[in-house]
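The following exercises are to be worked with the sequence and the structure in view. Each task is followed by a solution in steps.

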Amino acid sequence: MKIDIKDLSKIEFWTVSIIYGFAVMMLISNGSENNHYTPYNFEQAKISFSYLSNYFLPGLFKYSILYFSFLLLNFCCLPPLYQRKNTGINLSILFGVFLFSGLVLSIAQTYSHADMLVQYDELDEAYNYIFFQGFSYAGWMIVLTAIYVAIKKLIIYLIENKEEESNKSMKLEIAFASAFWFLGILVWLAIGVDFRVILAWTLVIGSCSFLTIYGIYYLIPNTLAQGKKFRNYLGKNMLLALIFCIPIGLIAVVITGQGEMFPIVNAFHLMAQLIISTPLAWYIYKTRNATEEQIFALRKELGKSDANLGFLKSQINPHFLFNALNTLYGTALQEKAERTGEGIQKLGDMMRFMLHENMQDKISLIRDIDYLNNYIELQKLRTSTTVDINIKTEIEEQLMDLKISPMLLIPFVENAFKHGISLQSPSHIKVTLQTKANMLYFDVNNSIHLKADGDPEKVNSGIGLENVKQRLSLLYPKKHELIIRESAKEFFVHLTLNLD
């Protein structure tokens, strides 16, 4: 499976743009609601506060530099660095992004955190601390974006790489879960939420990912194997979710040192398991199982088609060989060694064709036409002593290297000679073949002569036309048009074939 990088880039661009637009709207909304409110830290520092210069503009610059830096790093700088292309130029761009974003973020913080300027004895110390924070923030932004690009490249590699389907699917799910968690971390950091939110996000997403993958590969298959349904799986999964509450809650309490984190994290954990993880695992499993069943059915049908096609080919070769031998037998009875030798030579060419090229899926159209001409010349040897038989061919010389499935054209000509030639009555056959671009146009027109009641050919109508109809439907679906018309005295076949 090949990933369309352009489509993926569009999705990334619009997703990040929507998040950026939402963040700006939140700035505007908060500013309009709290325009006359002074934050506690500014009141405590006893300095004036302006929502425009101390809140809105610093926030706008912060979100804007994050937005444009991400676009530059994700689409222009980091991908060629991973591929080791233009390393010097892209490292210079990377360093430039670090310096510029660090400077902008630091200046914005001098306004949004102006209260810190009065908390230090010397102004330089305050600026040093603020600028250190700004450049640290810029460094982490670059590191996190680099990790995001690496995860994205890993997902693309796993999708495009050929390996065992079950292992590949599990790796993909782990990679997608990691990417989703990481994208959330980027959003939380950009918004500037408390560390406890990031910790809760990590614990909840981690537990959801584990139970989703566990459900897809173990819990759901076992539940369905026991003849049970979704309700049983839901109960088992929620029991596991309750068991997970203990370690998740303890981890949150130990890291933060706050006991109230236990119920808060577990409330989000249980809600996510019930609303997201459980139905998502069931949906993925059922969808994937249905897809695998369709693939199996298609492979089965394809196997039948291949077997049927091989059987038809194995039938058609002896059919032509016996026709040719009968022709040579009639020629030999006329005791003309020169004509017999010519016939044997053409038969040798035909047999070599059937042994070597007939077993290939596609051959040169030139070689297929050579076989067709040999067959017609061989039949002309048989009928050359009868003056009332008119055999005409208009077969265009091929200059393009077109390919065709072998033995598609000869059945129509063979049918024409079998039913259109009579040594006692006037007969005619006309074969026309021409190509335009990738299209082949093939016409066969012949007279019709009723077989005598004792003629075995009247009963055994042969497999030629039915065979070629089946082969055309298998090999050129929706790429051919076959028209067959029959009157009391004439038989007409027109085949249009797209050889592209």
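**Exercise 1: A serine in a helix**

Ser106 is found in helix H4 (residues 87-112); helices here are DSSP runs of H or I with at least four residues, and strands are runs of E with at least two, numbered from the N terminus. The model is predicted, so local features need pLDDT of at least 70 and side-chain atom pairs count only at pLDDT 80 or more, while totals for chains, interfaces and linings use all residues. Residues are numbered from 1 along each chain as its sequence is written, and side-chain values use heavy atoms, with hydrogens and water left out.

Task: Determine whether Ser106 is buried or exposed, and describe its surroundings.

Solution.
1. Ser106 has a relative accessible area of 0% and is therefore buried; buried means under 20%, exposed over 50%, and partly exposed in between (1.4 Å probe, protein chains only).
2. Apart from its neighbours within four places in sequence, Ser106 touches Ile130, Phe131, Gly134 and Phe135, contact being heavy atoms within 4.5 Å.
3. A polar atom of the Ser106 side chain lies 3.4 Å from the backbone oxygen of Phe131.

**Exercise 2: The open sheet**

Task: State the order of the five strands in the open sheet and identify which strands stand at the edges.

Solution.
1. The order is S2-S4-S5-S7-S6, with mixed pairing; two strands pair if DSSP finds at least two bridges between them.
2. Strand S2 (389-395) and strand S6 (480-486) stand at the edges, because each has a single partner strand and one side without a neighbour in the sheet.
3. S2 and strand S4 (residues 427-436) run parallel and are joined by seven bridges; Lys392 has Lys430 in S4 as its bridge partner.
4. Helix H11 (residues 365-383) packs on the sheet and touches S2, S4 and strand S5 (439-447). The direction of H11 makes about 165° with that of S2; axes are lines fitted to C-alpha atoms, for helices over the stretch in contact, and angles run from 0 to 180 degrees between N-to-C directions.
5. Helix H12 (residues 410-420) also packs on the sheet, touching S2, S4, S5, S6 and strand S7 (490-498).

**Exercise 3: Aromatic pairs**

Task: State how many aromatic pairs the whole structure holds, and classify the pair of Phe13 and Trp14.

Solution.
1. The search finds 19 pairs; rings of Phe, Tyr and Trp (its six-membered ring) pair if their centres lie within 6.5 Å, and planes under 30 degrees apart count as stacked, over 60 as edge-to-face and the rest as tilted.
2. The ring centres of Phe13 and Trp14 are 5.2 Å apart and the planes stand at 75°, so the pair is edge-to-face.

Notes. A polar contact is a pair of N or O atoms within 3.5 Å; within protein, one must be able to donate a hydrogen and the other to accept it, and residues adjacent in sequence count only if both atoms are side-chain atoms.
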